[in-house]
Amino acid sequence: MFLASAALWSPTASGISIGTIQGPGHRSALEGRRVLEVPGVVTGIREAAGRHGFWMEAPEEDGDPATSEGIFVRTGELPPQVASGDRVTVTGTVREAEPRGGGLPITILEVEALVDIRRREGETTLPPPVVLGPADRSIPAGAIDDDGMESFDPATDALDFWEALEGMRVRIPEALVIGATTGYGGLSLLPEGGRDVEGPRTFRDGLLLESGDPNPERIQAVVDPASEAPLLGTGDRFRGSATGIVTYAFGTYQVRLVRKETLRILRTERKRDTTELLRKDDRLTVATYNVLNLSAADGEERFRRLASSVVRDLGAPDVVALQEIQDDSGPADDGTVRAEQTLDRLVAAIRDTGGPSYRWLQIDPVDNADGGQPGGNIRVAYLVDPSRMEVPDRPPGDARRAVELEEARDGTVHLDHNPGRIEPGHRCFGAWESEGGSRKPLALETRFRGSPVFFVNLHLTSKGGDDPLFGLVQPPVRHTEPRRLCQARVVADFLEGLLRGEPDARVVVLGDFNEFEFRP
């Protein structure tokens, strides 16, 4: 349920403030109404084709911390003819912009006319930003929402806290980076170096995710434009403050940092992570690596970086389980499913970097049957060092054939095809309700120093499609979890059969589980 002011309004209202439009709730009581000459100070500009507009704040606060003093003014196809610091009055219609994917509505003004623009040449005076943190306004750490949105509680619910700041300027003092820069210019931050944040931390001073605690106190920031975002990692810090405007996108509230030059960075010293688990004559080393849609269509530099990572960071493991190997034509949806060129190039790059001459093993999927990027045909695969590992010589399976367990004359259990896909026709991996197919687990039988070792490389269905944490449905529904549970049960049943026939078998299940360790 969305709460809004219960006052009744005429179709056209004048003398209305931004705080009154926003109201104490996630939807405006003035939604759909025309408002006249709303006063504001321009605080930021957005220029995006078809989505032009600007943010403005009330010249004076209304004294109610539950109502935002900021709002986005949408000018649509026309770039806004205003500048930061301009005092304006706006006539337009109150709208609730509805993001896709179960996101929360965003209260905006759809501009009809800029009635008045007053500009002081050479001087920009903006309303003071709200300071995030214990010194001014602390982000609730207890819950994103604790009542199914039945009440509006900015002091206790992070969802309502951010709504009460929607469209306003905020300042993040001495921000600590707890999530590295994304390709979209995004960062995760804690104010004041995270000093007052309770809960477990990581060894790099990040914030650990635990069951029942989604860490609502973290700040999702985005540098606009993304091309100007500094490349930061967990543990880096901002010197001084970072100031931005509270927006909402991709299922979460964000602080839009609009001026790169204000971001003064103190980088933490860190060395590149390398494993200490080095292979020895009697030690088998194994790694799992999601290579993120690698295909033969990628440039040489990407293959060189991956090869360096495998050889120098991972210590050239005896077995590398890969996820997201695309077909040879990459994202081109041209019917290609083979991945020989992709894997040959990766193996060659590793060898040229000083690593082993790996042997690759995989099974081509049915075209567009395993999810991922359309036309990419991602699949799991293995790299095996033949100088260290033996792969029993049996024919590989195919996309539709389920691998079976067979008993040898000496009573040991083997795979009838090597490698082979586990239950590729099962509904857990095929069509699932309204969804398409998902990656199929790949079983592999090997021998290390004469002893059998079985691997299952999996890439369970992703969380895409779950309700966002800061979304319309509270508490969020994990729509994709039943499918992952189903997939895990299929794999577990296969392994139970293997261990019944070979109780002492060494088994490694690895890959991209797309899940947290505290989920069932």
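**Figure 1. Y248, Y253 and F470 form one aromatic cluster.** The model shown is predicted, with local features described at a pLDDT of at least 70 and side-chain atom pairs counted at pLDDT 80 or more, while totals for chains, interfaces and linings use all residues. Residues are numbered from 1 along each chain as its sequence is written, and side-chain values use heavy atoms, with hydrogens and water left out. Rings of Phe, Tyr and Trp, the last represented by its six-membered ring, are taken as a pair if their centres lie within 6.5 Å; planes under 30 degrees apart are called stacked, those over 60 edge-to-face, and the rest tilted. Searching the whole structure in this way gives seven aromatic pairs.

**Figure 2. F161 and W162 make an edge-to-face aromatic pair.** The ring centres of F161 and W162 are 5.3 Å apart, and the planes meet at 85°. Both a distance between centres and an angle between planes are needed to describe a pair of aromatic rings. Accessibility is reported with a 1.4 Å probe on protein chains only, where buried means under 20% relative accessible area, exposed means over 50%, and partly exposed lies in between. F161 is buried, because its relative accessible area is 3%, and W162 is likewise buried at 4%.

**Figure 3. Four strands make up an open sheet of mixed pairing.** Helices (H or I runs of at least four residues) and strands (E runs of at least two) come from DSSP and are numbered from the N terminus, and two strands are said to pair if DSSP finds at least two bridges between them. The order across the sheet is β16-β17-β19-β18. Because β16 (286–294) and β18 (359–362) each have a single partner strand, they stand at the edges, with one side of each left without a neighbour in the sheet. From one strand to the next the twist averages 25°, where axes are lines fitted to C-alpha atoms, for helices over the stretch in contact, and angles run from 0 to 180 degrees between N-to-C directions. Strands β18 and β19 (residues 379–384) run antiparallel and are joined by four bridges, and within this pairing Q362 stands opposite A381 of β19.

**Figure 4. Helices α3 and α4 pack on the sheet.** Contact here means heavy atoms within 4.5 Å. Helix α3 (residues 300–313) touches β16 and β17 (319–325), and its direction makes about 170° with that of β16. Helix α4 (residues 340–352) touches β16, β17, β18 and β19, and its direction makes about 150° with that of β18.

**Figure 5. W360 lies in strand β18.** With a relative accessibility of 23%, W360 counts as partly exposed. Leaving aside residues up to four places away in sequence, W360 touches E340, L343, D344, V347, Y382 and L383. V337, by comparison, is 23 residues from W360 in sequence and 16 Å from it in space, C-alpha to C-alpha.

**Figure 6. The structure holds one disulfide, which joins C428 to C486.** A disulfide is taken as a pair of cysteine sulfur atoms within 2.5 Å, and in this model the S to S distance is 1.5 Å. The bond links distant parts of the chain, 58 residues apart, with C428 in the loop between β22 (420–421) and β23 (442–448) and C486 in helix α5 (residues 481–501). Both cysteines, C428 and C486, are buried.

**Figure 7. Salt bridges connect the loop between β15 and β16 to other parts of the chain.** A salt bridge is a side-chain nitrogen of Lys or Arg within 4 Å of a carboxyl oxygen of Asp or Glu, and the structure holds 30 of them. D273 pairs with R204, their closest N and O atoms being 2.9 Å apart; D273 lies in the loop between β15 (264–266) and β16, and R204, 69 residues away, lies in the loop between β10 (186–190) and β11 (219–223). D273 is exposed at 51% relative accessible area, whereas R204 is partly exposed at 25%. D313 forms a salt bridge with R272, with closest N and O atoms 2.7 Å apart, and this pair links helix α3 to the loop between β15 and β16 across 41 residues. D313 is buried at 10% relative accessibility, while R272 is exposed at 58%.

**Figure 8. E301 and R305 meet in a salt bridge within helix α3.** The N to O distance is 3.9 Å, and the two residues are four apart, about one turn of the helix. E301 counts as partly exposed, with 42% relative accessibility. Elsewhere, R279, D318, D385 and R388 are joined into one network by salt bridges that share partners.
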